[in-house]
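Colleague: I should like to discuss the interior spaces, the core and the charged pairs of this model. Please take the questions one by one.

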Amino acid sequence: MKKLTAALGLAALLAFAPDAEAGKSPSLTYLVNLNERADDQFRVSLEVKGLKPENNVYQFAATAPGTYQTMDIGRFVTDFKAFDKKGRAIEVKQISTNQWELSRPEKVRTITYRIAETWDTKVKGNQVYWMCGTSLEQDHALINGQGVFGYLKGLQAQPMRIKLQYPQEWLVGTALKADKDGYYTATSYDQAVDSPILAGKLTKAETTYNGTTIDIYTYSKTGKIKSEDLMQNMTSMLGAANKFVVDFPVDRYTFLYHFEDMGWGAWEHSYSSEYVLKEQDLTPAYAKYVTDMASHEFFHIITPLNIHSEVIEQFNFVEPTPSQHLWLYEGTTEWASDMMQLRGGMLDLPAYFQDLSEKLSYDDNMDKNYSILKLAMTSYTPEGNRQYGNIYNRGAVTAALLDIRLLELSNGKRGLREVINELSKEYGPAKAFPEKDFFDIFTARTYPEIGDFFNRYIKNAEPLPLSEYYAKLGIAYTPAVNTGLKVKSLGYNFGAPDGKLRVASVNPEVAAAGLKDFDEVLALNGTALTLQNAGQLLSKLNDLNAGDTYKLTINRDGQQQELNLKVFEKEKIQKHLFKLNEQATPQQVALRNSWMHNM
């Protein structure tokens with residue numbers, strides 16, 4: 001493997017520093033060495049000039065936009081140092097988990113540190129989500145900005161340059177643009193965090209859609225999945241998305257795909273999205289799964305890129321600060337990803353109904369008294385974290401009902417899609433809406449009845465009016481049907497809301513055997529369970545019959561317990577059924593046609 005210079009001395013590092021004149025705004029140039037990868041640590045240097053006494057704290061991120069989790073990136077940092085222009089050490093002191101204080105910031109010219117990748121570094125609690133973390137391996141590197149870069153106090157909004165050193169044969173994928181000297185440029189720390197970087201032995205595909213350049217960069221561990229194949233499967237989705245948003249509001253968009261041993265999900269950004277998925281054959285079913293996920297993340301070019309509050313625009317990396325409009329950023333986005341496919345002909349009505357049913361079944365296992373607003377405001381807490389997945393389920397269904405109500409009030413002419421597109425044009429990337437006033441703003445530009453909808457179904461947790469609202473479309477909804485069939489059941493579900501394998505929705509029979517919601521699962525029949533092997537090991541439970549027993553080792557409040565559990569039978573109940581009403585009135589059919597075809 002041919003490499004660039006593997007390590008630079010301090011004098012060479014200083015050569016990267018721009019020769020800024022005193023009195024000018026501080027210059028910030030980051031250098032990341034990707035040539036030394038054996039110890040899973042990124043080697044980072046920051047060349048600065050023009051710091052002032054108030055720029056005396058170097059801050060690592062406590063969290064990042066769109067993650068709704070506490071990350072505390074400072075936990076991964078070691079060997080933090082600062083030097084003056086002659087290479088002499090300047091005293092630094094760690095003053096909190098994520099902060100290092102510079103004793104004489106005006107003398108500092110270089111800051112260096114090592115920061116461990118999050119994927120392979122064990123931590124106590126608050127495991128950084130894999131798609132939001134960092135990885136450094138022999139054939140690739142994944143950088144999510146908050147996991148590698150920090151910023152100086154008072155300079156979060158300062159432009160920065162990033163130089164990557166990597167093997168000559170590597171390819172780099174990112175939404176950041178490079179200048180003529182090969183430095184990637186970001187207008188601020190926020191943009192650097194908003195622009196993940198995937199580098200390594202990648203494949204690339206590119207196309208242009210109505211003036212917007214679409215790039216796909218893919219790392220596939222064994223080469224099974226290529227960017228060109230993903231692009232071919234994404235064509236219909238891009239067409240539907242373009243019609244849904246009335247032309248893309250960006251001139252370039254980048255998809256970054258990482259396929260390896262496990263699937264963890266995706267993280268949206270303004271001009272890109274990044275996916276950490278399991279490598280497997282790209283069958284039609286798996287290709288559809290990947291594209292469905294991409295349709296959700298891609299719609300974030302509307303919200304929060306073009307519709308967001310000041311909480312998002314001026315993000316607080318020091319102290320996690322929730323926004324009450326998670327219903328808009330995630331719930332509405334999930335709704336849009338489904339509706340653009342339905343209206344674009346990628347989903348038929350039965351498939352849409354099935355997706356709706358699955359979302360409602362997920363909601364059945366959540367706290368019914370937990371409003372969407374409360375979910376948003378507690379999203380950084382352990383309590384809210386347990387409910388967080390419901391924003392993509394109850395949140396999306398609530399957005400679907402809001403769309404129906406808007407279409408009804410406007411006689412089929414102006415649903416949620418139209419209002420969102422109007423708001424996108426009114427605000428845009430550079431104009432934030434006021435966090436406290438947005439419910440009133442939305443209501444004022446639509447109908448007074450929408451204020452009542454917000455109060456009942458977003459601010460509070462009233463039961464969703466599914467039968468009433470879908471009847472407006474000539475669609476019959478049935479909450480549950482007894483089948484008389486017997487099926488085997490564990491009596492609980494598995495999840496990993498905080499990066500640890502846990503149980504949820506424990507029924508009374510299993511609770512009587514000692515299992516409780518949110519217990520951490522450590523082992524199955526004496527075999528240790530991890531997030532990496534859980535899928536394979538837990539699938540063995542499917543082979544058991546009703547009455548068979550098994551053992552779970554769990555951790556509850558720091559105490560390990562071994563529980564003897566059994567598989568039991570229950571009646572199969574079909575839940576949340578939707579079907580067309582053959583007796584629908586002409587008015588209902590007309591509204592349904594608007595609902596299905598508004599593009």
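Colleague: By class, how many nonpolar, polar and charged residues does the lining of the largest cavity have?

Modeller: This is a predicted model, in which local features need pLDDT of at least 70 and side-chain atom pairs count only at pLDDT 80 or more, whereas totals for chains, interfaces and linings use all residues. Residues are numbered from 1 along each chain as its sequence is written, and side-chain values use heavy atoms, with hydrogens and water left out. On a 1 Å grid over the protein atoms alone, a cavity is a set of points where a 1.4 Å probe fits but cannot get out, and lining residues have an atom within 4 Å of a point. With Ala, Val, Leu, Ile, Met, Phe, Trp, Tyr, Cys and Pro as nonpolar, Asp, Glu, Lys and Arg as charged, and the others, Gly among them, as polar, the lining has five nonpolar, four polar and two charged residues.

Colleague: Which helices each supply at least two residues of that lining?

Modeller: The lining includes Ile 372, Leu 375, Arg 394 and Gly 395. Helices here are DSSP runs (H or I, at least four residues), numbered from the N terminus. The helices in question are α8 (372-377) and α10 (394-409).

Colleague: Which helix gives the most to the largest nonpolar core?

Modeller: A nonpolar core is a set of buried (under 20% relative accessible area, 1.4 Å probe, protein chains only) Ala, Val, Leu, Ile, Met, Phe, Trp, Tyr and Cys residues joined through side-chain atoms within 4.5 Å. The largest has 173 residues, and Phe 255, Tyr 257, Phe 442, Tyr 470 and Trp 595 have the most contacts inside it. With nine residues, the greatest contributor is helix α6 (residues 326-343).

Colleague: How many residues apart in sequence are the parts that Asp 403 and Arg 343 tie together?

Modeller: Their side chains meet in a salt bridge (3.2 Å, N to O), a term that requires a side-chain nitrogen of Lys or Arg within 4 Å of a carboxyl oxygen of Asp or Glu. Because Asp 403 lies in helix α10 and Arg 343 in helix α6, the parts joined are 60 residues apart.

Colleague: Is Asp 519, the partner of Arg 556 in a salt bridge, buried or exposed?

Modeller: The closest N and O atoms of Arg 556 and Asp 519 are 2.7 Å apart. Arg 556 has a relative accessible area of 17%. Asp 519, with a relative accessible area of 2%, is buried.

Notes. On a 1 Å grid over the protein atoms alone, a cavity is a set of points where a 1.4 Å probe fits but cannot get out, and a pocket is an open set with protein on both sides within 12 Å along at least five of seven lines; lining residues have an atom within 4 Å of a point. Buried means under 20% relative accessible area, exposed over 50%, partly exposed in between (1.4 Å probe, protein chains only).
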